Amino acid sequence: MEVNGQLVLTVLMGLFLIAVAAWLARVENWRSYTPLAGAGAVGSTEQYVSEEKPSGVIRWLTTVDHKDIGILYGAYGLIAFVVGGLMVVVMRLELADPASTLISNTFYNSLLTSHGITMLFLFGTPIIAAFSNYFIPLLIGADDMAFPRINAIAFWLLPPAALLIWAGFFPIPDVIPAQTAWTMYTPLSAGVGSGNQMNAGVDLMLLGLHLSGVSATMGAINFIATIFTERNEKVSWANLDIFSWTILTQSGLILFAFPLLGSAILMLLLDRNFDTMFFAVEGGAILWQHLFWFFGHPEVYILVLPPMGLVSLILPRFAGRRLFGFKFVVYSTLAIGVLSFGVWAHHMFATGMDPRLRASFMAVSMAIAIPSAVKTFNWITTMWNGKIRLTTPMLFCIGFVSNFIIGGVTGVFLASIPVDLVLHDTYYVVGHFHYIVMGAIAFAGFAGLYYWFPIYTGRMYQTTLGKWHFWLSMVGTNLTFFVMVLLGYGGMPRRYATYLPEFATLHQIATVGALILFVAQVIFVWNFVQSWLEGPKVEDGDPWDLADDDLVTSEWHWFDRKLQTAIADGGEEEAELATDGGERIDDSQSTSDVSSDGGDPVAETDATSDE
Amino acid sequence: MDEAPGLSDQYRTASPWPVFVALGIPISEIGLLFDLFPLAVGGLLLFTGSIAGLLRESGYVESTMRSLVVLSAILFAFGGALVFTDVNLVTRGYAVIVAGALLLVGGVVFELFVFEQRQSI
Ligand code: HEM
Ligand SMILES: [Cu+2]
């Protein structure tokens with residue numbers, strides 16, 4: 001039996017490898033292969049790539065173009081958002097009444113764990129990477145990322161990561177989903193005791209998480225290298241845009257935080273499978289918490305800094321003015337980046353740690369609120385007396401500011417030890433961080449998706465549906481999470497499928513809020529997909545009329561040139577167009593949509609040789 | 001962004017290798033963690049083979065053979081450490097060593113046949 005299994009695996013693996021090799025032999029024309037360094041004549045060396053991208057699925061599987069990879073990240077992030085969202089809808093329905101009626105308590109715990117990990121690691125980080133991949137090279141005037149292939153590897157690590165993280169939900173015999181919560185506290189997550197967390201499902205989840213960390217680290221290295229070395233000579237540190245600044249800082253945080261998480265996860269895996277004792281001995285549980293939160297708190301800023309950058313970039317465009325106090329927004333970003341490594345133990349105030357240490361962590365946690373507030377004031381001042389245009393992206397930006405204030409203020413209260421000792425592990429904490437992760441981070445994501453919709457789809461979304469999406473999201477978010485703050489004051493502990501009847505009303509309101517959020521996202525998905533496929537084509541290179549206030553940024557210039565060169569993908573591609581942009585050579589790599597819809601490789605190769 | 005210096009004007013917008021590098025990592029991790037010999041070997045081959053392909057493609061190395069030899073040496077060292085030291089994870093170690101050996105064989109075959117053909121063009 002055992003041997004048979006191995007045999008089957010061997011045959012399958014062998015077949016798979018042969019298939020891969022055969023496919024590679026077809027795609028990769030070995031014999032005509034000249035490495036870049038030695039290539040003389042452009043166009044004759046690279047058989048299948050220099051002319052145009054391969055078509056269909058193969059194009060997406062093999063692309064190393066930063067814009068394609070950005071779109072892949074975006075699609076991935078949104079799919080994860082749907083999965084994580086559906087999980088939480090089931091949880092909220094279960095919480096509509098005090099008893100455990102709809103699903104079992106263990107299944108609730110599984111959903112809770114997966115929802116958190118999915119939203120943070122499979123939606124949050126990737127959706128940010130979607131924007132940064134697509135737009136950073138355009139904003140800083142680079143041809144592409146510094147390491148395009150590493151960029152592709154970083155993305156392709158994510159689908160296997162998702163499959164591993166969700167593996168417990170698949171009908172695999174003997175594998176159950178992890179129920180450790182996203183914090184994976186030992187000894188529970190070490191599989192100790194009489195529980196069922198020794199299951200392979202937990203190992204798979206840990207592997208998946210590890211993989212997503214590897215991916216994030218590769219991406220971070222790439223962004224640091226890109227922003228440092230690939231800038232156009234006109235882009236100096238002094239006029240680097242705010243989004244690039246936040247991505248640079250975020251990448252620095254990732255570089256220090258994620259490898260630590262990776263190591264801690266490996267240690268946990270060793271504990272689980274190879275009888276090591278990292279977290280099993282006296283003090284092991286606290287050791288895990290320190291390691292986890294040393295990663296975990298920077299992680300929350302890894303997730304929030306780039307959305308702050310997006311808002312700092314987009315909000316001024318619709319306020320008709322430049323960002324107020326640009327320099328201070330950059331400084332506060334850097335300050336948050338540094339300080340975020342000094343606050344982790346505020347997640348551990350209730351563990352009985354040394355009170356003197358605790359006080360110092362409290363002080364730094366309070367201090368980190370200052371740069372956050374600096375940003376908030378700058379956004380508000382930017383809007384003050386501005387020429388505000390309430391477009392959908394602007395609405396989401398304003399929603400961001402509003403929700404971030406509530407999320408931040410509740411955070412400051414939690415940072416105070418005596419308050420935290422009362423509110424720790426209650427719904428108050430859940431309310432606090434959801435104001436930030438949903439109310440702010442997701443909102444900024446939506447702002448970006450709407451703002452740049454014309455660029456990456458060439459079309460316009462339906463504005464009315466966009467506004468419905470915003471208002472329902474805003475109402476839903478505040479209903480759901482404000483009620484959670486109240487539940488927390490009432491003493492409702494977090495992470496339970498059941499509760500005392502006295503909490504029923506508030507929980508039901510939260511469920512209604514969640515359903516409103518659900519409806520809002522259905523509208524969003526419909527609008528997004530439908531407009532992408534059928535929306536009106538954008539013919540103006542400046543659809544937001546940014547030029548009126550002299551607020552155009554370079555990605556719109558790029559978009560404008562692209563429209564000029566390609567005459568919107570209207571089907572009538574003309575060979576001569578490639579020349580009128582003069583220097584538009586990089587379009588041969590980048591106007592993917594143009595070449596994919598029938599494509600005239602001739603024009604594109606011409607363009608390549610005109611420099 | 002317009003005056004593309006250096007490599008960029010012939011920079012490739014597609015590469016078949018990244019997907020397989022990315023697939024090789026989880027497959028070999030699962031194989032090694034759960035002690036599934038074929039997965040460990042196959043995953044490592046996929047991973048290291050794709051790395052070699054990638055290095056070659058980007059022009060970081062001249063000879064595929066040499067990168068395969070280096071990669072298999074790394075696998076031998078890692079596998080050896082698993083088998084012969086106190087770590088004592090024998091089957092997993094052998095899986096790594098077998099992967100290293102197969103990689104070496106693959107490198108030689110590649111060098112003899114494919115590379116020959118390429119030269120003759
Ligand atoms: C800016 C983005 C922020 C994000 C994304 C965020 C996220 C989170 C998350 C996910 C938790 C839950 C940890 C758990 O599982 O127990 C949390 C808890 C906490 N947050 Fe925030 N937070 C942010 C801002 C702040 C700020 C500005 C402060 C204080 C100045 C703060 C203070 C706290 C504290 C003290 C806790 C621990 C609560 C407890 O478990 O007792 N957070 N935050
Ligand atoms: Cu924190």
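In what follows, a donor is an N, O or S atom within 2.8 Å of the metal, and water is not among the atoms, so a site may look incomplete. With that in place, good morning. I shall speak about a predicted model, beginning with its metals.

Let us take the iron first. Which residue of the protein serves as donor to the iron atom of ligand 1? There is only one, H432(A), which offers its NE2 atom at 2.2 Å. This histidine is part of helix α14 of chain A, the helix that spans residues 427-451. Is H432(A) buried or exposed? Its relative accessibility is 17%, and because buried means under 20%, H432(A) counts as buried.

The surroundings of H432(A) can also be described. Leaving aside residues up to four places away in sequence, H432(A) touches G407(A), T410(A), G411(A) and L414(A). One of these, G411(A), places its backbone nitrogen 3.3 Å from a polar atom of the H432(A) side chain.

I turn now to the second metal. The iron atom of ligand 1 and the copper ion, ligand 2, are separated by 4.5 Å. Which protein atoms are the donors of the copper ion? They are ND1 of H297(A), NE2 of H346(A) and NE2 of H347(A), at 1.8 to 2.0 Å from the copper ion. Along the chain, these donors follow the spacing H-x48-H-H. Distant parts of chain A are thereby linked: H297(A) belongs to helix α9, residues 284-317, while H347(A), 50 residues apart from it, sits in the loop between α10 (326-339) and α11 (355-383).

The accessibility of these two histidines deserves a word. H297(A) has a relative accessibility of 5% and therefore counts as buried. H347(A), by contrast, has a relative accessible area of 21% and is partly exposed, because the buried class ends at 20%.

Finally, I should like to move to chain B and a pair of helices. Two packed helices are described by the angle between their axes and the distance between the axes. For helix α2 of chain B, residues 37-57, and helix α3 of chain B, residues 64-84, the axes come within 9 Å and cross at roughly 145 degrees. The crossing of α2(B) past α3(B) is right-handed. On the α2(B) side, the contact is made by L44(B), T48(B), I51(B), A52(B), L55(B) and R56(B); α3(B) contributes T64(B), S67(B), L68(B), L71(B) and L75(B). By character, seven residues of this contact are nonpolar, three are polar and one is charged.

Thank you for your attention.

Terms used. Residues numbered from 1 in each chain as written. Chains lettered and ligands numbered in written order. Predicted model: local features only at pLDDT ≥ 70, side-chain atom pairs only at ≥ 80, totals over all residues. Heavy atoms only, no water. Donors = N, O, S within 2.8 Å, 3.2 Å for Na, K, Ca; no water. Helix = DSSP H or I, 4+ residues; strand = E, 2+ residues; numbered from the N terminus. Buried < 20%, exposed > 50% of the residue type's maximum accessible area, 1.4 Å probe, protein only. Axes fitted to C-alpha atoms, helices over the stretch in contact; angles between N-to-C directions. Left-handed = near helix turned anticlockwise from the far one by under 90°. Contact = heavy atoms within 4.5 Å. Nonpolar A, V, L, I, M, F, W, Y, C, P; charged D, E, K, R; others polar. Polar contact = N/O pair within 3.5 Å; in protein donor to acceptor, adjacent residues only side chain to side chain.
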